[in-house]
Amino acid sequence: MCSAIDGTDVARHRRPKEGQAVYRNSAFVLASTATTAALGFLFWVVVARFYTPAEVGIATSLISAMSLISYLSLFGLNNTLIRFPAASDARNAQLTLALCAVAAAGGLLALGYLAGLPWYGEKLLFVRENPLAVTTFAVLCAFAALNQLAKSVFMGARAPELNVWSDGLTQGVAKLALPASLTGFGMYGIVGSTGAGFAAAVLCALFLMRRRLGFRFDLRIGGTRLREQFTYSLASYVAGLLNLLPQLILPLIVLHHLGAEATGYFYVAFQIAGLLNAIAFSVGEALFAEGSHDPAQVPMLLRRTAVIIAAAQTPAAAVIAGGSGLILWVFGPGYSDAAKPLLVSFALGSLAVALSAWANFALKITRQLRQLVVNNAVFAVVTVSLALLWAPRGLVWIGWAWGLGNLASGLVALVAVVRGRRGQTPPPGAAPVDSTLTLTPVDRPHGLGTRTSS
């Protein structure tokens, strides 16, 4: 029998007052994201200095594909591990099965993506001509997927500070150390550096899971709850896929209509805007983790996280919009001239992204699964349609398409959240009941396992 530490030991230092836990978790998730973004910013500064805009444009198309593939490989298991963790004696088995499934899916989907390039990425077909490049891309996609899953493991264990070490510092430093020395490989140097960061982050995460969470590989099937929660996994998976589709398609639209150089400008501006968007997503992930731990706190958490996001996102958006020219100048004069209007549009659109992100997490935690899928379908259709329509006008119009897609999605989801909460309001004099949020005892989070001897 595998050995593990008691879940109470793991979580002893993570039990602040229930109303305050969301602040703590939000801070750590934001710290992890900010660390990743800051080191990523430096990474792209180095890349912009050592590689041509055309090389950056081609590489970012592959990196965007890697991001989408990493999500496709999760099959919603990242959300299931947080929302429906297995009992302590089966938690190791649940994590082991999830890790194996996600790694295998990442490699296979990467091969499928390369096989389909004639239909959606003719300018990337040269990648398929090199067997080593094909194999490396598949392996790196598997690591990217595992890194996504590991972040959810730490959130489910209410240990978001561990993501600062793995996904933040380890990934960022490993990625930053490589591009200057790989310039001889052209755009492969950029993609390889990014993938190496994912690989380093996964190895660090597995070490922390073992040392801090008592994780041991366990191939048993029983009690993992993965099959029982298939519907939830599938719905959250489809919704997330729809949410990520524009991130894959927009670079391809820019590449097709405006060229590889414009794609490089687009991706740099999008990465900077990602730091802004990280505020809302960080708070939303804390909402999801804390709401899963104690559903009775969800109404309070929804109100509190909305205030946190609004208070942080608005001034940050103003700073990025006002300083867009100076920020892009760091990457080189060409970036400042070509991408400044785009970054301004992304900064203003981040307010719509914040609304959409908060509403999505609200739908996820209240288990309004059908509406979650509809909401993200609205985002994908509006964003991609407007981008296709407006792309010939220039880069900035891609930014407005992104913002308007998020705004439409956020408003649709907000209406659903408000209606859902009203529908759960009990009549006067009745005991409050929330059938959507009530969990049975087995639904509540557990530690990874109990201490046993081998």
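Helices are runs of at least four residues that DSSP assigns as H or I, numbered from the N terminus, and with that in mind we can place a first residue, D337, in helix α14, which covers residues 333–365. The model in front of you is a predicted one, and the account below moves from this residue to the chain as a whole, then to its interior, and then to some individual helices and residues.

D337 has a relative accessible area of 65%, and because exposed means over 50%, this residue counts as exposed. Its C-alpha atom lies 7.8 Å from that of G325, a residue 12 positions away in sequence.

Stepping back to the whole protein chain, we find 16 helices and 0 strands. Of its 454 residues, 56% count as buried, while the surface that the chain exposes comes to about 18300 Å², with carbon and sulfur atoms supplying 67% of that area. If we take the contacts in the chain between residues with a separation of 6 or more, 83% of them join residues that are 24 or more positions apart.

What does the interior look like? The largest nonpolar core has 97 residues, and those with the most contacts inside it are W44, Y113, F137, I190 and F266. Helix α7, residues 131–156, gives the largest share of this core, namely 13 residues. There is also a second, separate core of 31 residues, which includes V29, A239, A280 and L301. Returning to Y113, and leaving aside its neighbours within four places in sequence, we see that this residue is in contact with S61, L62, A65, I69, Y120, L124 and F137.

Two helices can now be looked at for their length and their cover. Helix α3 runs from residue 53 to residue 72, and because its 20 residues should span 28 Å at 1.5 Å a residue, the 28 Å between its end C-alpha atoms agrees with the expected value. This helix is mostly covered, with 16 of its 20 residues buried. Helix α11, made of the 34 residues 260–293, reaches 46 Å from its first C-alpha to its last, which is close to the 50 Å expected at 1.5 Å a residue. Within α11 there is a kink of about 40°, centred on N277, and the helix is mostly covered too, since 26 of its 34 residues are buried.

Next comes W165, which has its place in helix α8, residues 161–176. Is W165 buried or exposed? At 53% relative accessibility, W165 counts as exposed, because the term applies over 50%. Apart from neighbours within four places in sequence, W165 is in contact with T170, C204 and L208. One of these partners, C204, is 39 residues away along the chain, yet the C-alpha atoms of W165 and C204 are separated by 7.7 Å. C204 itself, at 17% relative accessibility, counts as buried, because the limit for that word is under 20%.

Another cysteine, C141, has 0% relative accessibility and therefore counts as buried. A disulfide is a covalent bond between the sulfur atoms of two cysteines. A search of the whole structure finds 0 disulfides.

The last residue on this path is T383, found in helix α15, residues 369–390. With a relative accessibility of 0%, T383 counts as buried. Leaving aside its neighbours within four places in sequence, T383 is in contact with P246, L250, A401, W402, G405 and N406.

Notes
Residues are numbered from 1 along each chain as its sequence is written. This is a predicted model: local features need pLDDT of at least 70, side-chain atom pairs count only at pLDDT 80 or more; totals for chains, interfaces and linings use all residues. Side-chain values use heavy atoms; hydrogens and water are left out. A nonpolar core is a set of buried Ala, Val, Leu, Ile, Met, Phe, Trp, Tyr and Cys residues joined through side-chain atoms within 4.5 Å. Buried means under 20% relative accessible area, exposed over 50%, partly exposed in between (1.4 Å probe, protein chains only). Helices (H or I, at least four residues) and strands (E, at least two) are DSSP runs, numbered from the N terminus. Contact means heavy atoms within 4.5 Å. Accessible areas come from the Shrake-Rupley method with a 1.4 Å probe; for residues, only the protein chains shown count as cover. A disulfide is a pair of cysteine sulfur atoms within 2.5 Å. The expected span of a helix is 1.5 Å times one less than its number of residues. The bend at a residue is the angle between axes fitted to the seven residues ending there and the seven starting there.
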